[in-house]
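Student: I have a model open and keep meeting words such as buried, paired and pocket. Could we go through what stands behind each of them?

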Amino acid sequence: MLQHALRHARIVVAACLMVALGGPPAAAAATADDAGFVSIFNGTSLDGWEGKPEFWSVQDGVIVGQTTAEKPTKGNTFLIWRQGSVDDFELRLAYRITGGNSGVQYRSNDFGDLVVGGYQGDFEAGTTYSGILYEEKGRGILTKRGERVSIAADGTKTPGEPIGKSEELQRVIKPGEWNDVRIVAQGPKLQHFINGQLMSETVDEQVGKRAAEGILALQLHAGPPMKIEFKDIRLKRLKLTDGRKKLVLVAGRPSHGPGDHEFRAGCMLVEKCLDAAFETGATGPQLVTATYTGGWPTDPTAFDNAEDRKSTRL
């Protein structure tokens, strides 16, 4: 079975798979503003996103996630950005929340059925959790609001210089109104800002737990009826640090019957092998690999932080 898979992987790489180290089309590059941010929500539909339609919609140019007493969600459910994944990046958006709890998942895992786990920039209608770093389906609260925390390779937490008192930072947040969120993830350093104020800062180096890449999603929390709104969602990829490199693999559209030229499967196998080969224990992965299938990426930021600004067809 492994030899069969590797044979298809070689076919993919040798014949049709495009391995890209940069080089987006001019039209995609032109969509970025001067600061390098690209809108990943078009303001009119959920194209490029996936969520349960009974909970997620677009109203008046805004993404709306809503539960009611008549239509609750049995568990936390998510609106997943399907155009790509994220590694080192800066994300900016505005949110307004009415009741309940929500957040932004990043570098996260897709567990199927629109359930997500991983890093979360948390916010709520209450007064305790907005701005914290929470790991959904993982280690729970990693960093509270007002804290700087370093997590060592063995999981030991070391507090840094405090940002401020949680209750004072809460005053920056405007209940029931639009609030601006900024999330910066570069290497192991994760920062959450609300309305321009740093709320929490984490350096996560725990082996086997930290995440260098993963999906991006918006959360709708289970529980009492609630409503969460998002707008002005913009993404900017950041240059990788600490000597890491990024490889982008693009699998072409199917050109033969199943089992003949498995572009997607071969590409994903190559990614898996590379990720395993370049995971170097305490220092973290030295190669970040992103795979796009089904032809040229619809993600307008796909190549923005790849090391080389060129593409190669092998």
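Tutor: Happily; we take the terms one at a time, and the model in front of us is a predicted one.

Student: Let's begin with the whole chain. What makes up its secondary structure, and how much of the chain is buried?

Tutor: The protein chain has four helices and 21 strands. Buried residues account for 45% of its 314 residues, where buried means under 20% relative accessible area. The chain exposes about 14700 Å², with carbon and sulfur atoms supplying 53% of that area.

Student: What share of the contacts join residues at least 24 apart?

Tutor: Among contacts between residues at least 6 apart in sequence, the share is 69%.

Student: Why is Phe55 called buried?

Tutor: Set the value against the cut-off: Phe55 has a relative accessible area of 7%, and buried means under 20%. Phe55 is therefore buried, although its place is in the loop between β3 and β4.

Student: What does Phe55 touch?

Tutor: Leaving aside residues up to four places away in sequence, its contacts include Val64, Gly65, Gln66 and Thr67, and also Lys71, Pro72, Thr73, Thr77 and Leu220. Contact here asks for heavy atoms within 4.5 Å. There is also a C-alpha to C-alpha distance to look at: Phe55 and Lys227 are 9.5 Å apart in space and 172 residues apart in sequence.

Student: Why is strand β5 described as largely enclosed?

Tutor: Count its residues: five of the six in β5 (residues 62-67) are buried, so the strand is largely enclosed by the rest of the structure.

Student: How do you know that β5 is paired with β4 and with β18?

Tutor: Two strands pair if there are at least two bridges between them. Strand β4 (residues 56-59) and β5 have four bridges and run antiparallel, while five bridges join β5 to strand β18 (residues 226-237), again antiparallel. Both pairs therefore satisfy the cut-off of at least two bridges.

Student: Which residues could I click on to see those pairings?

Tutor: Try Trp56, which stands opposite Gly65 in β5. For the other pairing, go to Ile63, whose bridge partner in β18 is Phe230. While you are there, look at the hairpin of β4 and β5: two residues lie between the strands, and Asp60 takes a positive phi near 55 degrees.

Student: What makes β6 a covered strand?

Tutor: Five of its five residues are buried. On one side these are Thr77, Leu79 and Trp81, and on the other Phe78 and Ile80, so both faces are covered.

Student: Which strands pair with β6?

Tutor: Strand β3 (residues 49-50) pairs with β6 in the antiparallel sense over two bridges, which meets the cut-off of at least two. Four bridges join β6 to strand β17 (residues 215-220), also antiparallel. Ile80 makes a good landmark: Glu50 stands opposite Ile80 in β6, and Ile80 in turn stands opposite Ala217 in β17.

Student: Where do these strands sit in the wider sheet, and what makes a strand an edge strand?

Tutor: They belong to an open sheet of seven strands, ordered β3-β6-β17-β8-β9-β10-β11, with antiparallel pairing. The edge strands are β3 and β11 (140-143), as each pairs on one side only.

Student: What lines the largest pocket, and how much space lies in it?

Tutor: The largest pocket holds about 830 Å³ of space and is lined by 31 residues, with Ser85, Glu213, Ile215, Glu271 and Thr291 nearest its centre. Elements giving two or more residues to that lining are β6 (77-81), β8 (101-110), α4 (263-278) and β20 (287-292). β20 gives the most, with six residues. By class, the lining has twelve nonpolar, twelve polar and seven charged residues.

Student: And why is another space called a cavity rather than a pocket?

Tutor: A pocket is open, whereas in a cavity the probe fits but cannot get out, so that is the dividing test. The search finds three cavities of 30 Å³ or more, and the largest cavity holds about 60 Å³. Its lining includes Tyr95, Ile97, Glu124, Gln170, Lys174 and Asn179. By class, that lining has five nonpolar, four polar and three charged residues.

How values were computed: Residues are numbered from 1 along each chain as its sequence is written. This is a predicted model: local features need pLDDT of at least 70, side-chain atom pairs count only at pLDDT 80 or more; totals for chains, interfaces and linings use all residues. Side-chain values use heavy atoms; hydrogens and water are left out. Buried means under 20% relative accessible area, exposed over 50%, partly exposed in between (1.4 Å probe, protein chains only). On a 1 Å grid over the protein atoms alone, a cavity is a set of points where a 1.4 Å probe fits but cannot get out, and a pocket is an open set with protein on both sides within 12 Å along at least five of seven lines; lining residues have an atom within 4 Å of a point. Grid points are joined across faces, edges and corners, and a volume is the space filled by probe spheres set on the points. Ala, Val, Leu, Ile, Met, Phe, Trp, Tyr, Cys and Pro count as nonpolar, Asp, Glu, Lys and Arg as charged, and the others, Gly among them, as polar. Accessible areas come from the Shrake-Rupley method with a 1.4 Å probe; for residues, only the protein chains shown count as cover.
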